[in-house]
Amino acid sequence: MAAATEEWVSISRPPTRREKLADLGFRGLTYVVAWLTVLLVLYIVVTIGRSAAPAIHERGLGFLKETTWDPNKDQYGILPQIWGTLYSSVLAVVIGTVLGLAVAVFLSERLLSLFVYRVMKFCGLPSHGFWARLPDGLESLLKNLIELLAAIPSVVYGLWGLFVIIPLIRPTCNWIHEAMGGIPLFKTALSGPGMLPAAIVLAIMILPTISAISRDALVSVPPKLRNAAYGLGATRLETLLAVIIPTARTGIFGAILLAFGRALGETMALAMLVGNANVISWSLFSPANTLAALLANNFAEAKGGQVGVLMYAALVLMGITLVVNIFGDLILQKASGGGKGT
Amino acid sequence: MTKTRVLSLLSLPLLVLTTVSCSFLSGGDAKDRVKLEGAGASFPAPLYLKWFKSYSEAHPEVKIDYQSTGSGAGVKAVQDKTVDFGASDAAMSPEEIAKVDAGVQLLPMTAGSIVLAYNLEGVDTLKLSRKAYVNIFLGKVTKWNDPSIASSNPGVTLPDSNINVVVRADSSGTSFVFTKHLSAISEDFAKDPGTNKMPNWQVGTKSKGNEGVSSAISTTPGAIGYIEYGYAKATKLKMTTLQNKAGKYIEPTIASGQAALAGAKLPDDLIVWVPDPKGDDAYPIVTYTWIMTYKKYAEPKKAAALKEVLTYCLTDGQKDSEELGYIPLPSEVVEKVKAALGNIGAEAAEKKSK
Amino acid sequence: MEDPVVRNRAISAAREAGAAFPLDELEYSLRRPRTVFSAAFTALITLLTLAALVPLFSVVYMLFVRGIHKLSLSAFTLLPPTALEKGGGFGNAILGTLIMVGIATLISVPLGIVAAIYLAEVGPRTWLAQAVRSVAKILSGFPSILAGVFAYGAVVLVTGGFSAVAGGIALAILMLPTVMLTAEDAISMVPAKVREAAIAMGANPTQVIWLVMLPTALPGILTGVMLAVARAAGETAPLLFTALFSNFWPSALMERTASLAVLIYNFSGMPFENQIEMAWAAALVLVLLVLTANLIGQGFSRHSGQQ
């Protein structure tokens with residue numbers, strides 16, 4: 001037959017010259033863009049550093065220890081702002097960890113699915129088709145709702161703090177202040193914006209970060225460990241406290257550090273809620289100031305020398321957030337790399 | 001994800017971008033359009049914005065964009081040349097003007113009073129003597145039932161609670177005018193903190209802008225702070241009655257403000273301060289507020305349009321002042337400012353006249 | 001309490017002697033203190049989780065109650081009102097937000113995806129990849145105000161004025177890490193067999209990426225893009241120093257531009273009722289916009305998870 005004498009036609013062929021060039025070109029492009037990303041961050045650091053250089057030269061490290069911020073007498077010091085940034089972030093992390101870890105545990109233990117399943121069984125609902133997917137559907141709905149907390153813009157959180165949180169906590173706080181004013185934590189009255197409302201709103205803002213990363217850490221604990229604990233007769237609480245959380249502790253710690261880093265850099269909500277007063281006070285109800293809020297409020301009006309000073313403050317803020325974020329990242333890497341248990 | 005779905009999703013933003021770029025194209029063609037950009041004081045901002053919007057509605061080819069960034073930022077913007085005009089409650093000093101090589105023309109556009117608004121339940125009128133209100137802001141008077149306040153308010157029950165002072169966190173012409181007045185009536189105040197756009201207050205919680213102070217006062221029981229009259233009127237905050245130089249207690253109204261301005265004559269450079277007005281009916285804290293234009297503009301169209309807009313503000317615009325809580329300019333002042341508008345010229349015109 | 005070892009020996013002895021197995025020992029009984037603690041703990045965790053959800057509903061409720069009545073068609077088509085002026089809207093702010101987020105997307109998405117390709121495909125284990133990953137994680141925790149300060153120095157001062165482009169660049173800096181990291185994740189999660197099949201067919205690396213990996217990873221990448229877009233739409237601080245605000249419709253990219261976030265920040269502090277109400281309505285629109293973007297993003301990732 002005629003077909004038997006035809007040559008095979010190959011479907012595949014070696015790459016044409018154009019394809020080879022395009023390949024090399026594109027891979028070179030990715031290499032260049034990767035470098036650009038690194039250079040961008042360096043450029044940002046250098047730009048801010050360069051504007052801050054005259055102020056650094058003039059004021060040195062004393063800038064970090066001074067407490068007066070007086071543009072008229074050319075006296076600048078950011079110790080109150082550093083204090084405010086750290087104090088508000090630590091408070092926020094404490095509150096946020098309690099809530100965030102609880103959410104993470106709730107999600108990782110699939111308590112919602114269990115509860116819905118028990119209710120379904122109790123009501124005698126069928127367990128196939130739509131109903132079978134209901135518990136898991138509700139579980140992922142809950143997970144998405146928690147993630148939506150992170151989506152709300154900072155300025156809307158500021159409004160919420162001003163119009164909902166402050167009126168809500170003011171009576172209680174002033175009652176506490178009157179009853180226990182001797183304790184340094186309650187020394188001043190809550191006249192409006194202050195440390196506590198800011199810390200509460202900040203805690204809600206960082207809660208999704210803590211819960212998402214902690215949940216990942218808790219879920220990645222090998223099932224064998226969990227089942228072994230249950231097999232030995234441990235209750236849920238005992239399993240969590242003795243086995244699961246200790247195994248996931250590196251991841252949880254990394255989550256807390258990263259959330260701390262986020263809290264340090266938060267600007268708008270704090271600018272609206274922290275009170276903009278350059279004071280150092282242990283009182284939860286006292287107004288304070290943070291580095292980010294200082295920048296937000298003063299940058300537009302800064303003239304000449306003041307710009308350098310603000311850039312110095314920006315550099316300090318950048319330094320603090322960088323250190324915290326790098327630590328958090330290193331710890332998370334250790335957690336995902338080496339903490340796999342068995 | 002199918003290709004069609006991806007494409008249909010991407011089409012929406014593409015549509016937006018196309019419509020927007022079309023509007024850009026059409027915007028670029030019109031040769032008559034002039035856009036003026038200004039920034040500065042928050043004190044007169046509501047009035048300026050109303051003027052500029054009314055003018056643009058009557059003259060659609062001219063758009064004036066004003067942003068309320070604060071008097072200090074307005075002066076800086078004029079010096080940095082990032083705007084076509086600025087606005088400030090504190091007229092620029094000669095040193096500040098010297099930094100601008102295109103020259104600066106200051107034009108008073110309107111005037112306003114600064115009031116002490118307060119939030120005290122059950123106290124509907126509050127009279128403060130000069131000593132009392134200076135000492136509140138010096139931190140010497142800390143309770144509402146202090147004798148210096150009680151003596152001016154017989155028959156009024158004042159609570160034994162702290163006075164929550166609210167001051168400005170940002171650089172502000174309102175602060176400048178207020179501290180100038182306080183320094184004029186008290187030597188202690190003049191020494192520290194003294195007259196300043198951003199004084200080093202020893203008391204009080206800080207809020208940003210007239211807006212921030214208003215909302216702080218309205219949400220904090222027992223608060224008192226200094227804000228512009230229009231803001232207090234709009235937020236329906238209670239205003240104190242202050243004792244003036246003649247010893248009389250005067251309520252802040254448009255009439256008492258006009259009485260205060262009547263005592264000050266406007267010199268040729270159009271800068272005048274009224275730190276402590278004379279006159280029985282004068283309200284003690286008033287100020288003009290200025291728009292700063294350059295004396296030379298590179299584009300003659302901008303200079304011409306700016307002069308038209310400012311003429312409108314000085315004539316028809318003054319009708320809007322009272323409703324928003326500003327003091328209409330006295331007629332002699334209007335004439336002087338209109339004459340000063342002639343100093344704004346384009347560089348081309350200058351070269352021609354040589 | 002008995003020593004458990006002794007008791008276990010007794011149980012084993014009883015079993016060997018033929019006694020019934022003490023099944024009641026295995027029951028879940030609330031009489032035992034350990035069980036009570038555990039149940040109380042579970043209840044506490046549930047309460048705290050509900051408490052964590054309350055702010056979300058509280059915020060949305062607050063915005064609805066205060067903002068819904070000003071939300072009409074005119075809100076999208078009219079310009080912001082001046083003090084005491086009736087009516088008005090914030091159409092220019094919505095458009096401005098869309099424009100600046102659009103500019104930021106145009107800058108950050110191509111750069112982010114190309115960098116992610118490098119991280120996932122071209123050089124995953126080089127030191128440069130490690131550096132880029134660290135840089136991206138650092139950048140994702142970057143305070144937004146510093147991005148604004150940088151864009152002010154690098155763009156506004158250089159071009160001599162506030163502009164939408166400067167705002168877009170500041171937002172792009174904030175979007176880049178999210179896009180890059182999610183894209184890298186998405187590309188590296190493409191099953192190895194798909195990749196190897198393409199290589200076996202004779203495709204060179206670029207063809208593998210463009211014809212096979214990217215289309216497969218597209219849902220994951222789009223999730224990252226949507227999340228980044230949602231974040232950028234809500235940012236205020238960077239825009240305050242770069243695009244400032246404008247009371248007019250955007251007419252040129254190099255001019256000041258309105259945005260929803262800055263409008264909310266400005267108007268919420270005004271003493272005039274009409275402007276405060278505008279701020280609430282704008283906040284409602286912004287939150288709806290952001291939540292929708294997030295839901296779309298989550299929808300993409302769910303779709304890809306089913307593959």
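**Helix packing in chain C and a small sheet in chain B**

The crossing of α8(C) and α9(C) is right-handed. The structure described here is a predicted model, and a good place to start reading it is this pair of helices. Helix α8 of chain C covers residues 192-200, and helix α9 of chain C covers residues 205-233. The two pack with their axes 10 Å apart, at an angle of about 140°. This angle makes α8(C) oblique to α9(C), because an angle has to be over 145 degrees to count as roughly antiparallel. On the α8(C) side, the contact is made by C:V194, C:R195, C:A198 and C:I199. On the α9(C) side, C:V208, C:V212 and C:M213 take part. Sorted by class, the contact of α8(C) with α9(C) has 6 nonpolar residues, no polar ones and 1 charged one. The charged residue is C:R195, because Arg counts as charged.

Helix α9(C) also packs against helix α4 of chain C, which spans residues 91-122. Here the angle is about 140° and the axes lie 10 Å apart. Helices α4(C) and α9(C) are therefore oblique to each other, and their crossing is right-handed. From α4(C), the contact takes in C:T97, C:V101, C:T105, C:V109, C:I113, C:I117 and C:E121. From α9(C), the residues are C:I209, C:M213, C:L214, C:I221, C:V225, C:V229, C:A232 and C:A233. How do these residues divide by class? The contact of α4(C) with α9(C) has 12 nonpolar, 2 polar and 1 charged residues. The charged residue is C:E121, because Glu counts as charged. It is worth finding C:M213 in the structure: this residue of α9(C) belongs to the contact with α8(C) and also to the contact with α4(C).

The wider setting of these helices is the whole of chain C. There are 12 helices and 0 strands in chain C, so the run of elements from the N terminus on is α after α. The radius of gyration of chain C is 28 Å, whereas a compact globule of 307 residues would have a value near 19 Å. Taken along the principal axes, the C-alpha atoms of chain C fill a box of roughly 95 × 65 × 35 Å.

Chain A can be described in a similar way. It has 11 helices and 0 strands. For a compact globule of 342 residues the radius of gyration would be near 20 Å, but chain A has 28 Å. Its C-alpha atoms fill a box of roughly 105 × 70 × 35 Å along the principal axes.

Chain B brings in strands. An open sheet of 3 strands in chain B has the order β5-β10-β11, with mixed pairing. Strands of a sheet pair through backbone hydrogen bonds, either parallel or antiparallel. Strands β5 (127-128) and β11 (249-250) of chain B stand at the edges, and each has a single partner strand, so one side of each is left without a neighbour in the sheet. Strand β5(B) is joined by 2 bridges to strand β10 of chain B (residues 241-243), and these two strands run parallel. Within this pairing, B:K127 stands opposite B:T241 in β10(B).

Which residues does B:E251 touch? Leaving aside residues up to four places away in sequence, B:E251 touches B:T241, B:S256 and B:Y283. B:E251 itself is placed in the loop between β11 and α11 (254-262) of chain B. The C-alpha atoms of B:E251 and B:K127 are separated by 9.0 Å, although these residues are 124 residues apart along the chain.

Two details of the backbone round off the picture of chain B. Most residues other than glycine have a negative phi, and most peptide bonds are trans. Against that background, the peptide bond from B:D192 to B:P193 is cis, with omega near 5°. B:P193 is found in the loop between α8 (187-191) and β7 (205-207) of chain B. B:K236 has a phi near 55°, a positive value in a residue other than glycine. The place of B:K236 is in the loop between α10 (229-235) and β9 (238-239) of chain B.

Note on methods
Residues numbered from 1 in each chain as written. Chains lettered and ligands numbered in written order. Predicted model: local features only at pLDDT ≥ 70, side-chain atom pairs only at ≥ 80, totals over all residues. Heavy atoms only, no water. Axes fitted to C-alpha atoms, helices over the stretch in contact; angles between N-to-C directions. Helix = DSSP H or I, 4+ residues; strand = E, 2+ residues; numbered from the N terminus. Parallel < 35°, antiparallel > 145°, perpendicular 65-115°, else oblique. Left-handed = near helix turned anticlockwise from the far one by under 90°. Contact = heavy atoms within 4.5 Å. Pairing = 2+ DSSP bridges. Rg over C-alpha atoms; globule rule 2.2 N^0.38 Å.
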